[in-house]
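Here are some notes to read alongside the structure. Keep the view open and look up each residue as you come to it.

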Amino acid sequence: NTAEKSWLHLVAGLTADRRGRSDVARSLLEKAVLAADVDDWSLYLALSQLDRIQRRRMAQSVDPIMGRDYQRQIAAFDRRLAKTIADREERRARMVYLRAALQRADIDLATQRSLLEKLRVADIENSDVLISQAYYAAMDEDWGAALDYARQFLARPGRTSAGKLSVGLLEPGILHKQGEEAQARERLAAYHDAVMDPWYHSLSGCLLDPALQAHVTAKAGESPETLLTGHTALGLWSEGSGDAPGAIKHYREALGSYMDHRIEYDFARARMRRLRQTSP
């Protein structure tokens, strides 16, 4: 995310400056400043270091023309920073309204999805919104859109995170639900081979081999997080297998985690309600 990019550029800029590469350091620190939010410490640390490099450069300048040119560069960057901060504050105000609207209990899925789309437009670099869009589309049984959002998220570069692990398992689950068995197993096998997290490795393994499910479901009860993520994944996989009663049972177990701040919890609750309405 942008905060992480800011910190990475800050550290790289400090390292470059320590090695005597002032021009490289200046460029990296400017990127750190422009990526930072107004509440991020990286903004003020980078600005302080940037000011120090600029003062040092001006003190060392012996050519008046080059000195004036450097001052113009500084002024141009200051204008760019002021505009970036103003734009970010305007965007933040829009996002506060959208996030508040999403928290309302009286809005339907269609409205929630519309608000999420507006939120993504307002904050295009926020990958977490894509996660929500994938799950909300799946709640709404818009499986094609859910798969598209999931793949957009997974295509974004970045470290392995809870979101990557969750959506990486959601993708084959959606394919299985759509009846794309060959693709589902192919993506699930690739996920199983690549994932390093022990829990998600075991969970994906039991989806590939149902004989392992009893062992994995027993382990799911070891923590609220594994209870939620495990039974949510098993619930969706049961749906894809046409086992609505089994899916409802898994979703009910997932809700027993009480982790209602997680998107998987909302998904399990919505899918359980939908299945109860449509199952005989």
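**Notes on the predicted model**

1. Let's begin with one residue, Q112, which lies in helix α5, residues 109-122. Keep in mind that this is a predicted model. Is Q112 buried or exposed? Its relative accessibility is 12%, so Q112 counts as buried, because the cut-off for buried is under 20%. Leaving out residues up to four places away in sequence, Q112 touches L102, I107 and Y136.

2. Now step back to the whole chain. How many helices and strands does the protein chain have? The secondary structure comes to 14 helices and 0 strands, so the pattern along the sequence is simply α-α-α-α-α-α-α-α-α-α-α-α-α-α. The radius of gyration is 24 Å, well over the 19 Å that the globule rule gives for 280 residues, so the protein chain is more spread out than a compact globule. Along the principal axes, the C-alpha atoms fill a box of roughly 85 × 40 × 30 Å.

3. A few totals help to fill in this picture. Of the 280 residues of the protein chain, 46% count as buried. The chain exposes about 15200 Å², and carbon and sulfur atoms supply 53% of that area. Among contacts between residues at least 6 apart in sequence, 54% join residues at least 24 apart.

4. Next, the inside. In soluble globular proteins, nonpolar side chains tend to be buried together. Here the largest nonpolar core has 63 residues, and those that touch the most other members are Y135, M139, L169, Y200, L203, Y251 and F267. Helix α6, residues 127-139, gives this core its largest share, 9 residues. A second, separate core has 15 residues, including L10, V33, L34 and I53.

5. Two of the core tyrosines are worth finding in the viewer. Y251 has its place in helix α13, residues 244-255. With a relative accessible area of 0%, Y251 is buried. Not counting residues up to four places away in sequence, Y251 touches a long list of residues, among them H231, L236, F267 and L275. Y251 and F267 are 16 residues apart in sequence, and their C-alpha atoms are 8.8 Å apart in space. For Y200, contacts beyond four places in sequence include L165, L169, Y191 and R262.

6. Helix α9 makes a good exercise. Why does its length agree with what a helix should span? At 1.5 Å a residue, the 14 residues of α9 (residues 181-194) should span 20 Å, and the end C-alpha atoms are 20 Å apart, which agrees. Within α9, the residues A184, L188, Y191 and H192 are buried. They cover an arc of only 100° around the axis, so they sit on the same side of α9. On the other side of α9, A182, E186, D193 and A194 are exposed. Cover for the buried residues of α9 includes α8 (162-177), α10 (198-208) and α12 (224-240).

7. Finally, look at H201, found in helix α10. Its relative accessible area is 32%, so H201 is partly exposed. Setting aside residues up to four places away in sequence, H201 touches H192 and V195. H201 and A184 are 17 residues apart in sequence, with 16 Å between their C-alpha atoms.

Terms used
Residues are numbered from 1 along each chain as its sequence is written. This is a predicted model: local features need pLDDT of at least 70, side-chain atom pairs count only at pLDDT 80 or more; totals for chains, interfaces and linings use all residues. Side-chain values use heavy atoms; hydrogens and water are left out. Helices (H or I, at least four residues) and strands (E, at least two) are DSSP runs, numbered from the N terminus. The expected span of a helix is 1.5 Å times one less than its number of residues. Buried means under 20% relative accessible area, exposed over 50%, partly exposed in between (1.4 Å probe, protein chains only). The arc is that of the directions from the helix axis to the C-beta atoms. Contact means heavy atoms within 4.5 Å. A nonpolar core is a set of buried Ala, Val, Leu, Ile, Met, Phe, Trp, Tyr and Cys residues joined through side-chain atoms within 4.5 Å. The radius of gyration is taken over C-alpha atoms; the globule rule is 2.2 Å times the number of residues to the power 0.38. Accessible areas come from the Shrake-Rupley method with a 1.4 Å probe; for residues, only the protein chains shown count as cover.
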